[in-house]
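Subject: Structure handover

Hi,

Here is the structure I promised to pass on to you. Have a look at it first, and then read on for what I found.

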Amino acid sequence: MSYLCDASRTTLIIVDLQEKLMPVISDGAQLLQRAVILAQAAKLLDIPVIGTAQQPLRLGPIVAPLHALLHRTIEKSSFDACAKAEFMSALTNGRDELVVLGCEAHVCVLQTVLGLLHRQRRVKLVSDAIGSRKAGDKIAAIDRARAAGAEIVTSEMLMFEWMRDSDHPKFREILKLIK
């Protein structure tokens, strides 16, 4: 059963938005913009933000605009971040809603989403903040994640759900991010 995302129960997971990978991602600039806005909103709402970096010596570090917004970055070689014990231990923070974004949608993002679902975790996949080199791969990843049990959301859906009300103390700040 689906319900609104709750900021106090959320951890934001940003998968592999790295310097050498982003230039080849379809609509990569838009994906990065959405990721930065979500990470900034998360910071305003005290939502932990965990990043992963796939083989950083080969694919470079996390892109600069995001690096400072991450609470923690976990380096990995496996496509499914769940295979890394350090990643799973970072999720033992009492928060049970995992919001996933990043690239590539059909590889590391999807395998991480499937890994989390396999471990009975609640997962929301941010459709406007994931990307692949080919648009068709992104579409297939969204379809497969949905079929496996992930909820598909957009970045704006999340931010408004996190706040719930226009009287929220951070409403004006987050509205500025959205606009």
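Below are my notes on the sheet, the helices packed around it and one buried leucine.

Please keep in mind that this is a predicted model.

Let me start with the sheet. It is open and has 6 strands, arranged in the order β3-β2-β1-β4-β5-β6 with parallel pairing. β3 (72-76) and β6 (151-153) are the edge strands, each pairing on one side only. From one strand to the next, the twist averages 25°.

Strand β2 (residues 49-54) deserves a closer look. With β3 it pairs in the parallel sense over 5 bridges, and Ile50 stands opposite Arg72 of β3. With β1 the pairing is also parallel, through 4 bridges; here Val15 has Thr52 in β2 as its bridge partner. In a regular strand, side chains alternate between the two faces of the sheet. In β2, Val49, Gly51 and Ala53 point one way, while Ile50, Thr52 and Gln54 point the other way, and all are buried. Because 6 of the 6 residues of β2 are buried, this strand is largely enclosed by the rest of the structure.

Next come the helices on the sheet. Helix α1 (residues 28-44) lies across β1 (10-15), β2, β4 (97-103) and β5 (122-131), and runs at about 135° to β5. Helix α5 (residues 105-118) packs on the sheet as well, touching β1, β2, β3, β4 and β5, and its direction makes about 165° with that of β4.

α1 also has a helical partner. Its axis and that of α7 (155-163) are 10 Å apart, and the two helices pack at an angle of about 10°. They are therefore roughly parallel to each other. From α1, the contact involves Arg34, Ile37, Leu38, Ala41 and Ala42; from α7, Ser155, Glu156, Leu158, Met159 and Trp162 take part. By class, the residues of this contact of α1 with α7 are 7 nonpolar, 1 polar and 2 charged.

On to α7 and α8. Their axes come within 11 Å and cross at roughly 175°, which makes α7 roughly antiparallel to α8. Glu156, Met159, Phe160 and Met163 of α7 meet Phe171, Ile174, Leu175 and Ile178 of α8. The contact of α7 with α8 has 7 nonpolar residues, no polar ones and 1 charged.

α8 (residues 171-178) itself has buried residues at Phe171, Ile174, Leu175, Leu177 and Ile178. These cover an arc of only 155° around the axis, so they sit on the same side of α8. An α-helix has 3.6 residues a turn, so residues three or four places apart point the same way. The face of α8 turned away from the buried side carries Arg172 and Lys176, which are exposed. Among the elements that cover the buried residues of α8 are α1 and α7.

Finally, one residue to look up: Leu158, which is found in helix α7. Leu158 counts as buried because its relative accessibility is 0%, and the cut-off for buried is under 20%. Leaving out residues up to four places away in sequence, Leu158 touches Cys5, Leu38, Val99, Lys124, Val126 and Val153. Leu158 and Ala53 are 105 residues apart along the chain, and their C-alpha atoms are separated by 24 Å.

Happy browsing, and do write back with any questions.

Best wishes

Methods: Residues numbered from 1 in each chain as written. Predicted model: local features only at pLDDT ≥ 70, side-chain atom pairs only at ≥ 80, totals over all residues. Heavy atoms only, no water. Pairing = 2+ DSSP bridges. Axes fitted to C-alpha atoms, helices over the stretch in contact; angles between N-to-C directions. Contact = heavy atoms within 4.5 Å. Buried < 20%, exposed > 50% of the residue type's maximum accessible area, 1.4 Å probe, protein only. Arc of directions from axis to C-beta. Parallel < 35°, antiparallel > 145°, perpendicular 65-115°, else oblique. Nonpolar A, V, L, I, M, F, W, Y, C, P; charged D, E, K, R; others polar.
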